[in-house]
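Thank you for asking me to look over this model. My comments follow as numbered points, starting with a single residue and moving out to its surroundings.

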Amino acid sequence: MAGGNEKSVKALKEVWRRAENSLCADCGKPDPDWASSTLGVFICLSCSGIHRNIPSISKVKSLKMDHWDDAQVQFLAKHGNAVTKATYEAHIPIYYYQPTYNDCQVLREQWIRAKYERKEFTEPGKQLPYSDGVKEGILWKRGRDNGQFLPRKFFLSEREGCLKYFTKQDAKEPKVNVKIDVINATFQPAKIGNPNGLQITYLKDNKTRNIFVYHESGKEVVDWFNAIRSVKFHYLKVAFPIASDNEIKNRLTRNFLKEGYMEKTGPKQREAFKKRWFTLDHRRLMYFKDPLDAFAKGEVFVGSRENGYSVQKGLPSGTQGNFSWHYGLTIVTPDREYLFTCETETDQLDWIAAFTSVINQAMTPQEYASKCLDAVSFPS
């Protein structure tokens, strides 16, 4: 805390120590050490960088290194995170995704801009670009076969309860028409290779399909994401009328529990281990030859411990398949064992922790039904 008189420095410390200011006002990261002298919020270093890009709205300073004059300290004391949130987050739709510090840059930036720059949540009933039940526009979609991103028309409808895309602007019939209740959307900038990359997954014949898209505008792609959540929320409200809003909110979209490369062998456990990209989407473990494949080469259901599922460190003694990575793990199911190897011990432990978190959860009736329908297993 540089400069300033002793009284001012003491007052700043007191405001900073308030419980309401112990987490970043925008992403929830603990121990924020920056603040906006024009908004009165305490924020983390990462969010302060986003605030700097909207200088007409927010002026940020370090609480440790910058000088704060008496008027600025008094402004912080009068506002703080609780008071400012009461204004700028007064009317957030239940379906709107509020990112955390673990989320990608585009989600956090558009959340901050939506709050302070566009003031989307300050008035009740405000018409928002993702709230009217219909959205259509162009997204750049990755081709399944050639890997090129090409512009495609997408159409989302609450009335029809679906998401469609068309290969041509004037096409009358969609290439894909997906019911909204089987859709998931998650941001994947690193995997897609674009900061605004969005992965849309859906179930067809109880198998997962992937669509990879992006838009040049961060606002537009986040609007699409929240429009999907909005349409799905209203669909599920009708489908499950006795469910609470929070129960439905938790079913709108989800991030994958873990993704990354492992080596796998076949069911006979004598085949050579092959490097594949794995995605753990709650109880679905899928593998792909390439991270951007549209279809999984195989899926396996990961059940609960009480139903005979477990994860073990290492491989069974006498494993015969050749493998180049030496940090093994074994998934035990009532039907068979699945063997994997990881490149590093850290990867091994992270995968074990992810599997353990799933296996320790009791299965829901819907998950029992899903298991009965899911006849897919890992081929060799």
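1. Where is the place of Asn194? In this predicted model, Asn194 belongs to the loop that runs between α6 (189-192) and β9.

2. Is Asn194 buried or exposed? Its relative accessible area comes to 17%, and because buried means under 20% relative accessible area, Asn194 counts as buried. Once its neighbours within four places in sequence are left aside, Asn194 is in contact with Pro189 and Tyr214.

3. The strand that follows this loop, β9 (residues 198-204), pairs with β8 in the antiparallel sense, and the pairing extends over five bridges. Within β9, Tyr202 is the residue that stands opposite Ile183.

4. Both β8 and β9 belong to an open sheet of seven strands, whose order reads β7-β6-β5-β4-β10-β9-β8 and whose pairing is antiparallel. The edges of this sheet are formed by β7 (176-179) and β8 (183-187), each of which has a single partner strand, so one side of each is left without a neighbour in the sheet. On average, and with direction ignored, neighbouring strands of the sheet are turned by 35° against each other.

5. A separate remark concerns the annotation: UniProt, in an unreviewed entry, lists residues 6-129 as "domain: Arf-GAP". In the model, the span of residues 6-129 is 40% helix and 6% strand, and its end C-alpha atoms lie 48 Å apart.

Terms used
Residues are numbered from 1 along each chain as its sequence is written. This is a predicted model: local features need pLDDT of at least 70, side-chain atom pairs count only at pLDDT 80 or more; totals for chains, interfaces and linings use all residues. Side-chain values use heavy atoms; hydrogens and water are left out. UniProt positions are given in the numbering used here, feature names are shortened, and annotations may be inferred rather than shown by experiment. Helices (H or I, at least four residues) and strands (E, at least two) are DSSP runs, numbered from the N terminus. Two strands pair if DSSP finds at least two bridges between them. Axes are lines fitted to C-alpha atoms, for helices over the stretch in contact, and angles run from 0 to 180 degrees between N-to-C directions. Buried means under 20% relative accessible area, exposed over 50%, partly exposed in between (1.4 Å probe, protein chains only). Contact means heavy atoms within 4.5 Å.
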